[in-house]
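Here are my notes on this one, in numbered points. Have the coordinates open while you read.

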Amino acid sequence: MTDSSRDNEAQLIQGMKAGDNESFQEAVRAYTPGMLAVARFYLDHSSAEEVVQDCWVKVIDAIRNFEGRSGLKTWLHRIVANRCKNRLRSANREVPTDFSESLEPELANRFNAKGRWDLPPKLQFHDSADTLMENGALSDCLDKHLSALPETQRSALMLYEAHQHKSDDVCNILDVSASNLRVLLHRARQKIFLMVETFQETGEC
Amino acid sequence: MLMCKDLAAIASDYIDGELPVLQKMSVRMHLMMCRHCRTFIGNLRASSNLLSAHSSGKADEEFLRRIDERVAEALLSVRKNKDSDSE
């Protein structure tokens with residue numbers, strides 16, 4: 001975190017502690033997407049939205065005891081994760097876990113019996129990420145594939161890549177072991193890799 | 001010896017710098033000799049950058065406004081309670 005973003009965060013926290021409506025609006029915009037990503041790890045879409053809304057109301061009181069030992073983002077994500085876990089506990093539901101193979105079957109099939117490439121990647125994704133994202137069709141395609149990912153993989157991926165949490169934080173928030181997190185991340189990335197490859201070759205999603 | 005398929009299985013760990021030193025060395029050796037795996041690692045890394053650049057974090061505006069409303073309401077009732085306490 002840069003000094004200026006740390007100052008901004010400190011200011012935001014001060015505003016929230018003082019009960020300033022505008023500070024809350026700013027925080028809601030900055031942190032809700034990540035909080036939703038956490039909640040979706042545990043719950044279906046509408047329950048996840050419900051939990052995130054409830055959390056924001058809870059934060060109005062809780063923020064007064066926030067001491068800044070972790071960043072605001074991590075603190076908020078933990079609140080969401082705890083709420084979700086309580087909810088699952090009361091509904092007596094388990095978090096589904098699929099942590100088996102680290103290779104996607106579709107990719108695993110592209111190697112021969114000796115473990116060499118049978119169908120190697122043909123093209124290089126040479127464009128930079130920013131240029132690729134200017135391609136609206138690719139961006140839509142990415143959205144589509146992200147929403148098709150298993151919840152566990154998507155949450156891990158979003159928290160790690162888009163919300164830039166460190167591995168330890170993600171493990172803590174989602175209550176998964178370091179090795180499970182590695183598998184979740186790798187499985188999700190392979191799917192995105194396969195999607196971009198198809199898109200570059202065929203222009204279709 | 002590390003085969004292409006083994007490398008593909010640990011590619012994310014390599015990209016994120018999470019491999020133990022010896023495994024990292026054998027990945028590097030393999031990459032020096034294998035063009036396909038170089039392309040694969042490059043493309044997997046590009047996919048990962050793509051995700052960081054993609055603002056899939058966006059939440060829909062109507063949902064955000066609903067949160068604003070609930071927060072504003074709750075703030076108001078906190079304030080009212082305070083006022084009645086001080087009376």
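1. Ground rules. Accessible areas here come from the Shrake-Rupley method with a 1.4 Å probe, and for residues only the protein chains shown count as cover. This is a predicted model, where local features need pLDDT of at least 70, side-chain atom pairs count only at pLDDT 80 or more, and totals for chains, interfaces and linings use all residues. Residues are numbered from 1 along each chain as its sequence is written, chains are lettered from A in the order in which they are written, and side-chain values use heavy atoms, with hydrogens and water left out.

2. Surface of the chains. Chain B exposes about 5100 Å², with 53% of that supplied by carbon and sulfur atoms. For chain A the exposed area is about 10300 Å², and carbon and sulfur supply 45%.

3. Fold of chain B. You'll find five helices and zero strands (DSSP runs: H or I of at least four residues for helices, E of at least two for strands, numbered from the N terminus). The radius of gyration, taken over C-alpha atoms, is 26 Å; the globule rule (2.2 Å times the number of residues to the power 0.38) gives 12 Å for 87 residues, so chain B is more spread out than a compact globule. Its C-alpha trace spans about 80 × 25 × 15 Å along the principal axes.

4. Domains of chain B. The assignment, which is an automatic or database one, gives domain 1 (1-55) and domain 2 (57-87). Over C-alpha atoms, the centres of these two domains of chain B are 47 Å apart.

5. Charges on chain B. Counting Lys and Arg as positive and Asp and Glu as negative, with His and the chain ends left out, there are 13 side chains of each sign. The centres of the two sets lie 13 Å apart, with each charge placed at NZ of Lys, CZ of Arg, CG of Asp or CD of Glu.

6. Chain A overall. This chain has ten helices and zero strands. Of its 205 residues, 50% are buried (under 20% relative accessible area, 1.4 Å probe, protein chains only). Contacts mean heavy atoms within 4.5 Å; among those in chain A between residues at least 6 apart in sequence, 69% join residues at least 24 apart.

7. A residue to click on. Is A:Val51 buried or exposed? A:Val51 counts as buried, because its relative accessibility is 3%. A:Val51 sits in helix α3 (residues 45-62) of chain A. Beyond its neighbours within four places in sequence, A:Val51 contacts A:Leu43, A:Val80, A:Arg83, A:Cys84 and A:Arg87.
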